[in-house]
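Here's a quick walk through one protein, from its charged pairs out to the overall fold. Have the sequence and the 3D view open as you read.

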Amino acid sequence: MIWQLSVAVIALAFVALVVFLIKTLKAAENSLDKTSQTLQEVQKTIDELSYEVKQVVRHANGITEDVQGKMKKIDPVLETVKNVGDILNEVTISAKQVSSALIDRFKKSPAEIRGESTFSSASAAKAAVQSPSERTVDSYAAVYSDKKTKQSWVKWVDVAAGVWQRYRA
């Protein structure tokens, strides 16, 4: 009889073990079902987002092509602006040279204007005050200028200065 009772207790214990095991497996099944649903929703969202991302990339590519086309159209304008800047720089340098020459002309005494003194303290002071670039321009002009053109130019500057002085008086 002990054997029969032992077998009955073992059978009851086995039945209890199977019942708890079934409950645990049902809970695991529910968790796996919920996980599966969640993964399906995530996959759906990823598919929708990938479509939208592709549309954004296509739109960005279109904008990039448009900007590149417009930049190519603007390049000649920017080159022209650069050339205008260079020309204005040259005009400024020329105006500075003319005004310096005119001021020097007004500062010279009548004897220096007639050419009686070729190198005086005024010309030495002028050379000391000039910047290196002005000295370079002056030396270049002295070497390469045509004396006839320079003399006629100086005469016109003298005439203009005289007219200006009379006008101011």
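## Starting at Asp86

Let's begin with Asp86, which is partly exposed, its relative accessible area being 37%. That label fits because partly exposed covers values from 20% up to 50%. Keep in mind that this is a predicted model.

Which residue does Asp86 form a salt bridge with? The partner is Lys82, and the closest N and O atoms are 3.4 Å apart. Lys82 counts as partly exposed too, with 47% relative accessibility. Both residues sit in helix H1, where 4 residues, or about one turn of the helix, separate them.

## The other salt bridge

The structure has 2 salt bridges in total. Besides the Asp86 pair, the side chains of Asp66 and Lys70 meet in one, at 3.3 Å from N to O. As a reminder of the chemistry, side chains of opposite charge can pair when their charged atoms come close.

Helix H1, spanning residues 2–107, holds both Asp66 and Lys70. They are 4 residues apart, again about one turn of the helix. How accessible is Asp66? Its relative accessibility is 40%, so Asp66 counts as partly exposed. Lys70 is partly exposed as well, at 48% relative accessible area.

## A greasy stretch of surface

Charged pairs aren't the whole story here. Ile63, Val67, Met71, Ile74, Val77, Leu78 and Val81 make up a nonpolar patch on the surface, and together they have about 610 Å² of accessible area.

Take Met71, one of the patch members. You'll find Met71 in helix H1, and it is partly exposed with a relative accessible area of 44%. Patch members need over 30%, so Met71 clears that bar.

## A buried arginine

Now for Arg105, which also has its place in helix H1. Is Arg105 buried or exposed? It is buried: the relative accessible area is 18%, and buried means under 20%.

Arg105 also has a sequence-distant residue to look at in Asp158. The two are 53 residues apart in sequence, while their C-alpha atoms are 8.1 Å apart in space.

## The overall picture

Zooming out, the protein's secondary structure consists of 5 helices and 0 strands. Reading from the N terminus, the elements go α-α-α-α-α.

How many of the 169 residues count as buried, as a percentage? Just 4% do. The protein exposes about 15000 Å², and 66% of that comes from carbon and sulfur atoms.

## How far to trust it

The mean pLDDT of the protein is 80, with 72% of its residues at 70 or more. Where is confidence highest, and where is it lowest? Helix H1 has the highest mean, at 90. The lowest belongs to helix H3, residues 121–129, with a mean of 55.

Notes. Residues numbered from 1 in each chain as written. Heavy atoms only, no water. Salt bridge = Lys/Arg side-chain N within 4 Å of Asp/Glu carboxyl O. Helix = DSSP H or I, 4+ residues; strand = E, 2+ residues; numbered from the N terminus. Buried < 20%, exposed > 50% of the residue type's maximum accessible area, 1.4 Å probe, protein only. Patch = residues over 30% accessible without salt bridge, like charges linked within 9 Å, V, L, I, M, F, W, Y side chains within 5 Å. Areas by Shrake-Rupley, 256 points an atom, 1.4 Å probe, with all protein chains shown as cover. pLDDT = per-residue confidence, 0-100.
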